[in-house]
Amino acid sequence: MEIKILGGGCAKCNRLEKLARDVVAELGVKADFGHVRDMDKIMAYDITSTPALVIDETVKCFGRLPRKDEVVAWIQQAAA
């Protein structure tokens with residue numbers, strides 16, 4: 001699975017990346033991570049604000065920090 005964090009590197013973006021990495025580690029699944037900071041590449045995802053979480057090229061949320069249980073559910077679904 002491929003997980004991308006979209007955002008310029010602000011505190012919220014970094015917290016979202018840490019949350020996603022923690023969930024992947026807890027679930028014991030394999031995932032490749034990327035942090036997209038280039039605004040042109042971010043806007044290609046048709047989001048209106050950052051941070052955003054993208055799993056396997058599907059935007060799961062943007063403009064907020066999701067709850068841990070949301071991230072767990074999204075990653076479990078992608079891993080199934």
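## Helix α3

In this predicted model, the 12 residues of α3 should span 16 Å at 1.5 Å a residue, and because its end C-alpha atoms are 16 Å apart, the expected and modelled spans agree. The buried residues of α3 are Glu70, Val71, Val72, Trp74 and Ile75, and they pack against β1, α1, β3 and β4, the last of these running over residues 58-62.

Val71 illustrates how this packing looks from a single side chain's position: setting aside residues up to four places away in sequence, Val71 touches Leu19, Ala20, Val23, Leu53 and Pro66. Leu19, Ala20 and Val23 are themselves listed among the buried residues of α1.

## Helix α1

For α1, whose 17 residues should span 24 Å at 1.5 Å a residue, the end C-alpha atoms are 24 Å apart, which agrees with that expectation. Its buried residues are Cys13, Leu16, Glu17, Leu19, Ala20, Val23 and Val24; seen down the axis of α1, these buried residues fall within an arc of 160°, so they line one face of the helix. What covers them includes β1, β2 (32-36), β3 and α3, whereas the face turned away from the buried side carries the exposed residues Lys18, Ala25 and Glu26. The helix is followed by Gly28, whose phi is positive, near 70°.

Glu17, which is found in helix α1, has a relative accessibility of 16% and therefore counts as buried, the cut-off for that term being under 20%. When its neighbours within four places in sequence are left aside, Glu17 is in contact with Ile5 and His35.

## Nonpolar cores

In soluble globular proteins, nonpolar side chains tend to be buried together. Here the largest nonpolar core has 16 residues, and those with the most contacts inside it are Ile3, Val23, Leu53, Ile55, Val71, Trp74 and Ile75. At least two residues of this core are supplied by each of β1 (2-6), α1 (11-27), β3 (52-55) and α3 (68-79), with α1 giving the most, at 6 residues.

A second, separate core of 7 residues includes Leu6, Val36, Ile42 and Ala52.

## Bringing the elements together

The two helices and the largest core can be read as one picture, since Val71, Trp74 and Ile75 appear both among the buried residues of α3 and among the core residues with the most contacts. On the side of α1, Val23 is buried, is touched by Val71, and likewise belongs to that group of most-contacted core residues.

Notes: Residues numbered from 1 in each chain as written. Predicted model: local features only at pLDDT ≥ 70, side-chain atom pairs only at ≥ 80, totals over all residues. Heavy atoms only, no water. Core = buried A, V, L, I, M, F, W, Y, C linked by side-chain atoms within 4.5 Å. Buried < 20%, exposed > 50% of the residue type's maximum accessible area, 1.4 Å probe, protein only. Helix = DSSP H or I, 4+ residues; strand = E, 2+ residues; numbered from the N terminus. Contact = heavy atoms within 4.5 Å. Expected span 1.5 Å × (residues − 1). Arc of directions from axis to C-beta.
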